[in-house]
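This report walks through one protein model with its ligand. Please keep the sequence and the 3D view open while reading.

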Amino acid sequence: MLSYKTPVRDMKFLMNDVLNYPEHYKTLTNGSNADPETVDMIIEGFSDFAQSVIAPLYQSGDAEGCHFKDGEVTTPAGFKDAYQQFVEGGWQGISYPEQYGGMNLPMSLNLIKSEIQATANWAWSMYPGLSTGCINTILHYGDDKQKDLYLPKLVEGTWAGTMCLTEAGAGTDLGQVKTKAEPNDDGTFRINGTKIFISSGEHDLTENIIHIVLARLPHAPEGTKGISLFIVPKFIPNADGEVGERNSVNCGSIEHKMGINASATAVLNFDDATGYLIGKPHKGLRAMFTFMNTARIGTGIQALSHCELAFQNALPYTKERRSMRALSGTKDPDHVADAIIHHADVRRLLLTMKAFTEGARSMIYHAARYADKMSEGIAEGNQEKFEKWDDKIGFYTPVLKGFLTELSLEVAKNGMQVYGGHGYIKEWGMEQIARDARISTLYEGTTGVQALDLLGRKIILGSKGKIVRDYTTGVMKWCSDYTTDKNMRKFVWALTKYCADWNILTVRIMLLARKDREIISAACDDYLMYVGYIMMAYHWARMAAVAHDKLENGGTESPEFYKAKIQTAEFYFDKILPRAGAHGESMLTPSQVMTDMDADSFDFLD
Ligand SMILES: Cc1cc2nc3c(=O)[nH]c(=O)nc-3n(C[C@H](O)[C@H](O)[C@H](O)COP(=O)(O)OP(=O)(O)OC[C@H]3O[C@@H](n4cnc5c(N)ncnc54)[C@H](O)[C@@H]3O)c2cc1C
């Protein structure tokens with residue numbers, strides 16, 4: 001049976017000691033709302049809810065799944081009541097403007113809240129999670145009337161939202177979207193088409209569902225430049241903001257999936273459904289991409305949540321399960337065998353899980369500070385400010401999404417491995433984590449798409465490598481402060497070398513790409529993983545630096561806590577970071593090694 005406890009000490013170490021959130025909050029217009037007492041109240045209050053209400057529904061929700069009958073979806077037992085408690089607690093709106101009923105706290109706190117709910121129960125947390133995308137879209141692109149009509153209920157949580165992009169023929173390539181939007185005389189639009197794979201597309205948790213839909217206006221340009229964005233409510237709101245007439249958007253079925261069984265993934269049919277244009281005509285995909293960064297951080301949080309849950313539930317087992325004797329000699333003489341935590345190979349599994357979990361959290365909390373600034377731009381209606389911070393965050397998001405989700409699969413696999421054969425048995429829950437984690441590398445853009453975005457769009461086309469030079473200069477500058485520090489020397493020398501190599505590799509790929517365009521696609525996965533391992537190394541070095549400082553000068557935590565941080569950093573640098581070298585070597589292989597094989601030569605079955 002899985003259980004969840006919020007890792008408050010790890011979270012506060014990052015927020016207060018490594019990333020200095022209190023100082024960061026002083027730079028935000030809404031930062032004074034996030035005084036230490038409020039932050040504690042949010043973390044503790046929400047943890048109570050997550051641990052006692054939604055965590056116990058994680059395995060039962062998976063076993064029961066969602067039910068579909070006559071176009072309606074019923075969520076698993078307990079989900080609706082839990083959602084009601086979530087709404088009553090006012091949790092949906094903590095980072096949204098007070099004008100719409102929110103608490104106007106910095107967005108980073110909302111992301112930290114998301115981590116807690118996601119770890120307790122990822123499938124449940126997808127329902128409020130999808131609403132976030134819908135709220136952000138209306139907040140940023142809606143007109144005042146649309147904001148006043150939809151936001152209070154969405155922020156309250158009594159209405160939920162979705163993002164309807166995908167169609168049977170259009171997933172990664174949204175330029176192929178076929179759903180049509182034709183104007184009515186009254187300024188509304190008739191929406192016709194079918195969307196597939198829509199998370200939270202239909203359910204029984206809320207009185208209304210507001211769909212944000214990508215569709216084409218008549219005579220729209222072909223491809224991505226001809227897509228517009230529409231609000232399509234399940235029930236059309238009356239002028240007083242209450243639910244009115246049923247709209248003709250219907251759930252045709254829900255998918256039977258490998259995991260996240262408690263999250264309804266719907267086929268939605270729009271048959272002359274009434275829609276309302278949001279934002280400018282033909283600029284829908286651009287608007288949607290505005291929120292890709294936040295959505296992708298959300299999937300990075302999903303990765304972190306699976307890592308944390310797997311680690312928390314693997315560790316106790318390794319202290320209880322006994323098997324043979326440690327090679328270095330008996331550890332538990334009073335027992336017939338030693339606990340498996342005494343075997344170095346089991347420690348490899350555990351330390352990898354721990355290093356990835358805490359490293360991922362640090363990377364996400366770092367990016368969350370940029371999300372605060374970006375949200376400040378939205379709240380102030382300051383497009384320039386929004387774009388500046390959106391750009392900054394844009395460098396990190398493919399790594400948070402692509403790299404961290406790939407790592408989460410390894411952590412989930414290690415969690416099962418620690419349990420031996422029991423890891424494969426449902427009641428322990430480890431196989432559920434592995435199944436639930438698997439979707440994270442697929443939706444919100446596959447790992448391949450993230451890798452192409454990072455290397456092709458952000459690094460080569462977007463900045464001609466400058467973004468890498470800027471980032472590595474910052475890291476190397478940080479390293480230079482520690483070159484004579486005997487505790488830190490090992491970390492900063494390794495990091496400095498990797499940063500120098502990263503620049504050289506980037507230039508070499510750019511030169512190769514002049515003659516061999518396909519190299520970008522051929523090298524991007526290695527490049528993404530290479531960058532991810534180096535970025536995580538920087539976070540571990542920073543955590544080690546703080547831990548050394550606290551050990552010497554005193555901190556709020558125990559010496560064992562700081563020592564464990566340093567030991568995990570050492571494990572990461574010795575046993576994990578060398579993987580980057582292999583990716584660096586592989587990425588320079590000419591693309592012909594992949595492209596030369598004739599498509600008909602992949603198999604010889606005929
Ligand atoms: C459970 C679940 C929930 C989902 N929730 C939502 C939702 O709420 N809203 C929504 O709109 N969608 C949702 N989706 C859809 C999801 O975002 C898409 O499935 C995903 O974007 C991939 O699209 P696709 O399935 O069409 O794969 P394809 O686009 O067909 O990709 C197939 C393979 O080709 C690769 N590929 C494609 N193009 C390129 C290229 N140019 N270069 C290199 N490789 C390429 C991909 O990386 C992938 O490996 C969900 C899907 C699932 C399964």
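Which polar backbone atom lies 2.8 Å from a nitrogen atom of the ligand? That backbone atom belongs to Met163. The model is a predicted one, in which local features need pLDDT of at least 70 and side-chain atom pairs count only at pLDDT 80 or more, while totals for chains, interfaces and linings use all residues. Residues are numbered from 1 along each chain as its sequence is written, and side-chain values use heavy atoms, with hydrogens and water left out.

**Around the ligand**

Besides the approach to Met163, an oxygen atom of the ligand is 2.9 Å from a polar backbone atom of Leu165, and a nitrogen atom of the ligand is 2.8 Å from an N or O atom in the side chain of Ser199. On its own the ligand has 980 Å² of accessible area, of which the protein covers 60%; such areas come from the Shrake-Rupley method with a 1.4 Å probe, and for residues only the protein chains shown count as cover.

The shell around the ligand holds 18 residues, and those that come nearest are Thr166, Thr172, Phe197, Ser199 and Thr446; a residue counts as near a molecule if one of its heavy atoms lies within 4 Å of it. Two elements give two or more residues each to this shell, namely strand 3 (159-164) and strand 5 (189-199), and the largest share, 3 residues, comes from strand 5. Helices (H or I, at least four residues) and strands (E, at least two) are DSSP runs, numbered from the N terminus. By class, the shell residues divide into 10 nonpolar, 6 polar and 2 charged. In this scheme Ala, Val, Leu, Ile, Met, Phe, Trp, Tyr, Cys and Pro count as nonpolar, Asp, Glu, Lys and Arg as charged, and the others, Gly among them, as polar.

**A pocket and the cavities**

Open and closed spaces are kept apart by a rule on a 1 Å grid over the protein atoms alone: a cavity is a set of points where a 1.4 Å probe fits but cannot get out, a pocket is an open set with protein on both sides within 12 Å along at least five of seven lines, and lining residues have an atom within 4 Å of a point. Grid points are joined across faces, edges and corners, and a volume is the space filled by probe spheres set on the points.

The second largest pocket holds about 690 Å³ of space. It is lined by 25 residues, of which Pro7, Glu308, Phe311, Gln312 and Leu315 are the closest to its centre. Helix 1 (8-18), helix 10 (292-320), helix 11 (344-379) and helix 18 (559-576) are the elements that give two or more residues to this lining, and helix 10 gives the most, with 8 residues. The lining of this pocket has 11 nonpolar, 5 polar and 9 charged residues.

Of cavities of 30 Å³ or more, the count comes to 3, and the largest cavity holds about 70 Å³ of space. Among the residues that line the largest cavity are Met1, Tyr4, Pro56, Gln59 and Leu309, and its lining divides into 8 nonpolar, 2 polar and no charged residues.

**Single residues**

Glu308, already met close to the centre of the second largest pocket, is joined through its side chain to that of Arg361 by a polar contact of 2.7 Å. A polar contact is a pair of N or O atoms within 3.5 Å; within protein, one must be able to donate a hydrogen and the other to accept it, and residues adjacent in sequence count only if both atoms are side-chain atoms. Arg361 has its place in helix 11, where Ala371 is also found.

Why does Arg361 count as buried? Arg361 counts as buried because its relative accessibility is 1%, and the table sets this value beside others, where buried means under 20% relative accessible area, exposed over 50%, and partly exposed in between (1.4 Å probe, protein chains only).

| Residue | Relative accessible area | Class |
|---|---|---|
| Arg361 | 1% | buried |
| Ala371 | 1% | buried |
| His282 | 28% | partly exposed |
| Asn20 | 34% | partly exposed |
| Thr484 | 70% | exposed |

Thr484 lies in the loop between helix 15 (466-480) and helix 16 (489-515). Asn20 is in the loop between helix 1 and helix 2 (21-26), and has a positive phi of about 50 degrees although it is not a glycine.
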